[in-house]
Structures are given as structure tokens and as C-alpha cells.
Amino acid sequence: MEEKQSKFSRGLLLFFIGATALFFIVLIVLFLMSAFGKSEKEAVALLAGNHYAIVKEENSYTLYDQKENKPILEDVNGYFGARNIRSYVKNDTELVSIDEKEEEYTKKPLEKSHSSRKKICLKKMKKLD
């Protein structure tokens, strides 16, 4: 009788050791997938019906055209989004004006954008670190 109980105890112990080892292997795999498998870039702001996105990369922000998958403006440091009208995205040297309805943009040097409306938008811009 003790021999059956001893075999049962060993079997139960091996089962729990195996289950615990499998659990930790799954945890390690999930951790590695979450740490290194992240291929999507984090979108900070979506503009013009998700046609354009300000994306956080390693050390900076970039304005992307998501439909053509190409960068429009790098090193973005501020934006102002006005739904259904115009949104503005800037870096230190350039300003991108996005028509929200037409989903089109224009890119100009920051010095040439001196209209009073653009000055107000520049003051209201949300700063990005």
C-alpha cells in the first residue's frame, strides 16, 4: 500500500514540477514577445480621418502619411488639431498645414507662416517632448 502511495506521490510531484516549469517557460516567452516583438509604432495623434499620424519613435516624433507609408515631417515638436477645419504640425524649421476635409497637406518653412490665424494656432500647439 505504501508503495502505491509513494508512486502516486512521486507522480503528483513530477506533475506539479512539470506544470510549474511549463508555466514559467510560457511567461518568459510572453515577456520576450512583448519586449522585442513590438513592431508597431505608437501613434500620438491621428489627423484627417486617420490619413496622417504623429508617431513616436525612439527619440523623436514623425508625421507620417499612413496611406502611402512615408514620412512627411521629422522631429515634430508640436501640433494643433482642429477637427473638420485644419490641423498644424511643426518642427523647428517647417510647418505642415493639413486640410481635414480634403485630407491634403502643405509644407512651408516656419518663417513664411505669419498669418494671424497661424500665429494663434502656433500659440495653442500641444508641445511634444
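Select Glu-103, in the loop between E7 and E8. The model is a predicted one, and in it Glu-103 has a phi near 55 degrees, a positive value in a residue other than glycine. Most residues other than glycine have a negative phi. With 25% relative accessibility, Glu-103 counts as partly exposed.

Next, select Asn-50, which sits in the loop between E1 and E2. Asn-50 is another residue other than glycine with a positive phi, here near 65 degrees. Its relative accessibility is 44%, so Asn-50 counts as partly exposed.

**The five-stranded sheet**

Now display the strands in the order E8-E7-E6-E5-E9: these five form an open sheet with antiparallel pairing. Which strands stand at the edges? They are E8 (104-109) and E9; each has a single partner strand, so one side of each is left without a neighbour in the sheet.

Move inward to E6 and E7, an antiparallel pair held over five bridges. To find one position in this pairing, select Arg-86 and look across to Asp-99 in E7, which stands opposite.

Then go to E5 (residues 78-81) and E6 (residues 86-90), which run antiparallel and are joined by four bridges. Four residues lie between the strands of this hairpin, and Asn-84 in the hairpin takes a positive phi near 70 degrees.

Select Tyr-79 and look to both neighbouring strands. In E6, Val-89 stands opposite Tyr-79. In E9, the bridge partner of Tyr-79 is Lys-126. E9 covers residues 126-127, and its antiparallel pairing with E5 runs over two bridges.

**The nonpolar cores**

Select Ile-54, Leu-63, Val-76, Val-89 and Ile-98 together. These are the residues with the most contacts inside the largest nonpolar core, which has 15 residues. At least two residues of this core come from each of the strands E1 (42-47), E2 (52-56), E3 (61-65), E4 (70-74) and E7 (94-99). In soluble globular proteins, nonpolar side chains tend to be buried together.

Keep Val-76 selected and show what surrounds this residue. What does Val-76 touch, not counting residues up to four places away in sequence? The contacts are Ile-54, Tyr-61, Thr-62, Leu-63, Val-89, Lys-90, Asn-91 and Leu-128.

Another core, of six residues, lies apart from the largest one. To locate this smaller set, select Phe-80, Leu-95, Cys-121 and Met-125, which are among its members.

**Aromatic pairs**

The structure holds three aromatic pairs. A pair of aromatic rings is described by the distance of the centres and the angle of the planes.

For one of the pairs, select Phe-23 and Phe-24: the ring centres are 5.5 Å apart and the planes stand at 70 degrees, so the pair is edge-to-face. Phe-23 is partly exposed at 49% relative accessibility, and Phe-24 is partly exposed with a relative accessible area of 45%.

Finally, select Tyr-52 and Tyr-105. Their ring centres lie 5.7 Å apart with the planes at 85 degrees, so this pair is edge-to-face. The pair links distant parts of the chain, with Tyr-52 in strand E2 and Tyr-105 in strand E8, 53 residues apart. Is Tyr-52 buried or exposed? Tyr-52 has a relative accessible area of 2%, so it is buried, whereas Tyr-105 is partly exposed at 30%.

Methods:
Residues are numbered from 1 along each chain as its sequence is written. This is a predicted model: local features need pLDDT of at least 70, side-chain atom pairs count only at pLDDT 80 or more; totals for chains, interfaces and linings use all residues. Side-chain values use heavy atoms; hydrogens and water are left out. Two strands pair if DSSP finds at least two bridges between them. A nonpolar core is a set of buried Ala, Val, Leu, Ile, Met, Phe, Trp, Tyr and Cys residues joined through side-chain atoms within 4.5 Å. Buried means under 20% relative accessible area, exposed over 50%, partly exposed in between (1.4 Å probe, protein chains only). Contact means heavy atoms within 4.5 Å. Rings of Phe, Tyr and Trp (its six-membered ring) pair if their centres lie within 6.5 Å; planes under 30 degrees apart count as stacked, over 60 as edge-to-face and the rest as tilted.
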